[in-house]
Amino acid sequence: MCIFILYVAADTGKRDIVFLIDGSDDTSESFSEVQNFVQTLVKQLNVAPDKDRVSVVQYSDDTAVDFKLNAHSSLDDVLNHVKRLSHKGGKLRHTGAALQYVKDNLFTADAGSRQVEGVPQVLILMSSGRSRDDIRGPAKALRDTGVISLSIGTPNADTLELQTISHQPNYFFISDFENLHEVQKNILPLIKGLSYQQPPTMRFRVSETVKRDVAFLIDGSDDSNNGFEAIRNFMQRVVEGLYVDEDHDRVAVVQYSRDSTANFYLSSYSTKNEVLNSIRSIRHKSGRPLNTGAALQFIKENIFTPSSGGRHQEGAAQILYLFSGGRSNDDVRTISQELRKSNIKVFTIGTRNADTLELQTVSFTPAYAFFVSDFTSIDSIFQRLDSVLTSDNEIPEQFPTPVVKTSNGKRDIVFLIDGSDDASHRFTAIRDFVASLAEMFDVGPGKDQIAVVQFSNTAEINFNLRKYSSTPEVADAIRKLKSKGGRPQYIGRALQFVRDNIFSSRGEDGVAQMLVLVAGGRSRDSPRGPANSLKGLGVVIFAIGSRLTDPIEMDAISTSTDYAFAVPDFKDLKNVHQSFMSKLTGVTHKEDTTKEVDGFKRDIAFLVDGSDSTRRGFQEIRNFLYNVITNLNVGIDMDRISIIQYSNVAVANFYLNSFIRKDDVLNRVKVLSHKGGRPLNTGSALRYVKDNIFTSSSGSRHKEGIPQILILLTNGTSRDNISEAASSLKEHGVLILGIGAKDSDSEELHKISSENQVLSFTEFSELPKIQAQLLEAMKPDPTNSEKVLLAESHRPKRDVVFLLDGSDGTMISFPAMRDFVQRVVQKLNIKENEDRVSVVQYSRDPEIHFHLNAYTTKEDVLDSVRGLRHKGGRPLNTGAALQHVKDNVFTASSGSRRLEGVPQVLILLSGGRSYDNVDAAASSLKEIGVLTFGIGSRGSDSRELQRISNDPKYAISVSDFSELPNVQEQLLASVETVAIPIATASPTVTADYTTPKKDVVFLLDGSDGTRSSFPAMRDFVQRVMEKLNIEENRDRVSVVQYSRDPEVHFHLNAYTTKEDVLETVRGLRHKGGRPLNTGAALQHVKDNVFTASSGSRRREGVPQILILLSGGRSYDNVDAAASSLKEIGVLTFGIGSRGSDSGELQRISNDPNYAISVSDFSELPNVQEQLLASVHTVSVPIATTSPTGMCMTNIYVLCLFCLDVKSLSSCGLWDNHQPLR
């Protein structure tokens, strides 16, 4: 049972209070307690027509009003009516519909509501369980009218539902009905202290002197259709906080998809009502693709201009809100820089489908980039966005810009320019630009010195420092340069060359050392290490790129993102000449590197207890985080930081790759708000960190051997199990440092933390005392780093074949496919005795570019891949290509080491449906142990890819092959996971097929006693099924639910794919009923499920497994039914909770060891591996030549569990009265 209190605000002397009571069948026994609670609470109110008014409503399947707000005018009348209430009844609980009913019919003037007079509107919702309908929309509708929510729930209540309905996630309490008087003490002050509050708006500082031009740029593409209303409502809330007037704030709205359309301009309206009315009438634009770069250009050229009402020249602040639901189809880098230079403050709001780095690039600063799962949850970031908007902090620079510290003003300047074949047609433009820059310096002995280096696949010095003694000589030498030639571009090598050959001995006398990189393409090696090495010497690096360079790479190379410039084409270099020179000439001393706190690189995540217990100390926690991070060396190639808060669930405040500057991290820490909530689930929070923070997609560099550090700060004992999650993090190489407050569990903290890595404090005010200890503990142990690197280098060897669709349909996307192959190859450890690679291209027929034994170095493989040309041809015969790969590539003569037990991996990239049949060839590959991954685009047949792949989850889809980088880490992670060497004695078996086929039946207690825990049981079934190999000729699955009588949800032969099974399980609903007849259910399963007609393969020797989940003692006898199951060879596992009879479970199970107990079904994840290990152990086939009796050929060890001595003798499995071992 749960109780929610929602209130809409006003003065403290009057309130309109509606009690919305769960009247479903589940509350029939506790209804008198509900009545008592209502009466007790009402007695504390001042009921009168001009004071407090009260209404009572009951709901279940539908909603019924007992009395309205204007029905009674005295306290006695209300109390008498409450006493006489009769329970409504009804099977279902539609809380969402009830909330909507109350909003539409009770909080109205006709029903006695005085909301228009500013009287607080209070809703107290009392509910006994999870709603059968969606509550989010109605709850939001109440909240949007000013409703603030408090909620009270029993331990069986749905915590997430409580949080959703609550005004704030921490505005709810958990209590048994016996203790409701304790909750009442907390509720009454909240109700009596209410004062009128309008829905929150952006708190812009309104004054007579402030002017703002505010533009909204809205994603109007097809993908944002569902969230468009939420965006529109969000804009209205922002506008409500503005002072809209011709001489103050002005507003414009633009929608975009493929192109951009202005709904209205800054000069269109001069009153707030006109703006709001126009926003309400906006209709969704639709269209695709999403051209964000062009839309930003449209804003710059058509909105923030004097002709459209822009007042930049008058000093009006220029503010742009960008709403984006996906990745841009065009480049955003150049226009983003232009907007930033024009001092337009850009805030970006993106969904999970948006590109994080892209939005951070567009934003005025990365701290101005906000993310939501989808636009319907956009209100969740309103206060955070508001706190940034109202902050007085200036936007920090990327890194401290060097300033003059010496009087001599001498500089050593090296121009590192792209001389590759790819830049040859623009080399003249590059050369002239560098010459014009050189002419701005005073070159000579004791003055500025200039050197020029060209690079492609190698680097060479055109002339060194001190070669020329005057500016004209340098400029003339530059203008005579010829392009070096060569390909591809290795920027990393070139930077290292400059460091080793030019900046190796200079700079000791305070001379500023500067490097200007001009690059026309993406580097084929990693430039970050050499760039950091140069920065460590004090070299200030500037980078200029074109549309073909990687903007993130340019940012990483540069000393500051302000020092990274981009032009669409090198002929446009003249357009950035002035701004570039202003940055370049501002550096007149050697960069001071002594300010760096340390030289470590670490990925550091702070996991902070955000539960109700830390509310009072949260300011001290926030200050502690701020001070610790201040002492770290934060940067994209130094320390990366993430902060996560948790209570019952974990939420990331920001990820390891969210910010690349220390100032941005610190600014974000300043505005952290307390999460709230209960209980404290530290185990699930640790799992969240492993699965969502220490991953490559979130910025973790664990694959590069960078130390991974987790700092846990907690003030309580976890409600869930922490052991498995903590061990998993440690196995992942994460160093865990535990910090415990006075209420934390010291023993638990030591279990979680790495050895001797626990700090403690009594009061939150004492946190500064442990800061130095923490910083010392965070310094990585060199031996640990060596272990990490060692583990990375000992990955198992693999034979990897890429099969590429080279048909006419992939002509445009082939470069993207080729680049993808290169990036994957870069991650492999290619050597003769390590990883081997082959590439095959196909259309009508296949063509082998090179075999597995063709190359023994990564460089040779990459050179060959770079030279691949599109094959062309039609139709697409994928089946023939798969067969060709099996017969001609995965063979010993072609370099395959299958017979040596080396994993065989095939990666198929297909852009269309096969013209021929793929099934036979795909099966033949699986039979010889090849693990196949299928990657398809929008033109592919997803089911075909799933049939080709070893597992449906190994079939990956992208809308276009240009999106292949997005799935690269997913593919590599899967390859790493499954590429375990297989037994050499059985070359036809792969890791996926080491588990024999099984028939598995789940028998679930669906009685009234398991109602609250049924979701946990359902989730457990799903997780176990995820581990099975569900196919018609592999594992089969059935689910049965029972209480008084059993109900078969589906039989063993109902589904042949894992997806279908999981989809059905997700839709399972609790059966209900009493009593619990486990014996009858077991007999029903024997007679109706473990039969040939229902899909059982018992007579074929396939293991028969029954997994029973029971939450109570059986009302009938279980012994006879359990014995009959054992007699037909069914292996039974029993799992029970605290309400179960352990002796009964042991009698049902085949072996007492197979009876597993948990205190609550929420702990089922803790026994999952134990169960799976047991199932796997007993399902291994044994050889036999005696098909006598029930035990058929291919008899399984299962028979040893299921037959009595007499049966064993008849099967020949009992020799001289001794069991066969």
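In the predicted model, strand β9, which spans residues 249-256, is joined to β10 by four bridges, and the two strands run antiparallel. Within this pairing, Val 254 of the β9 segment stands opposite Ala 262 in β10. Both strands belong to an open sheet of six strands, whose order is β10-β9-β8-β11-β12-β13 and whose pairing is mixed. The edges of this sheet are formed by β10, covering residues 260-264, and by β13, covering residues 369-371, each of which pairs on one side only. From one strand to the next, the twist of the sheet averages 20°.

A helix pair is found further along the chain, where α26 (residues 814-827) packs with α27 (residues 858-866) at an angle of about 175°, the two axes lying 10 Å apart. Because this angle is over 145 degrees, α26 is roughly antiparallel to α27. On the side of α26, the contact is made by Arg 818, Val 821, Gln 822, Val 825 and Gln 826, which meet Lys 858, Val 861, Leu 862, Val 865 and Arg 866 in α27. By residue class, the contact of α26 with α27 divides into five nonpolar, two polar and three charged residues.

Ser 698 offers a view of a loop position, being found between α21 (682-692) and β23 (708-714). Its relative accessible area is 8%, and Ser 698 is therefore classed as buried, the cut-off for that class being under 20%. When residues up to four places away in sequence are not counted, Ser 698 touches Tyr 655, Leu 656, Asn 657, Asn 692 and Ile 693. For one of these partners, Asn 657, the separation from Ser 698 amounts to 41 residues in sequence, whereas the C-alpha to C-alpha distance in space is 5.9 Å.

As regards confidence, the chain averages a pLDDT of 81, with 83% of the residues scoring at least 70. Among the stretches in which pLDDT stays under 50 are residues 5-11, for which the model nevertheless has 58 contacts beyond four places in sequence. Over residues 980-995 pLDDT likewise stays under 50, and for this stretch the model has 34 contacts beyond four places in sequence.

Key: Residues are numbered from 1 along each chain as its sequence is written. This is a predicted model: local features need pLDDT of at least 70, side-chain atom pairs count only at pLDDT 80 or more; totals for chains, interfaces and linings use all residues. Side-chain values use heavy atoms; hydrogens and water are left out. Two strands pair if DSSP finds at least two bridges between them. Axes are lines fitted to C-alpha atoms, for helices over the stretch in contact, and angles run from 0 to 180 degrees between N-to-C directions. Angles under 35 degrees count as roughly parallel, over 145 as roughly antiparallel, 65 to 115 as roughly perpendicular and the rest as oblique. Contact means heavy atoms within 4.5 Å. Ala, Val, Leu, Ile, Met, Phe, Trp, Tyr, Cys and Pro count as nonpolar, Asp, Glu, Lys and Arg as charged, and the others, Gly among them, as polar. pLDDT is the predictor's confidence in each residue, from 0 to 100. Buried means under 20% relative accessible area, exposed over 50%, partly exposed in between (1.4 Å probe, protein chains only).
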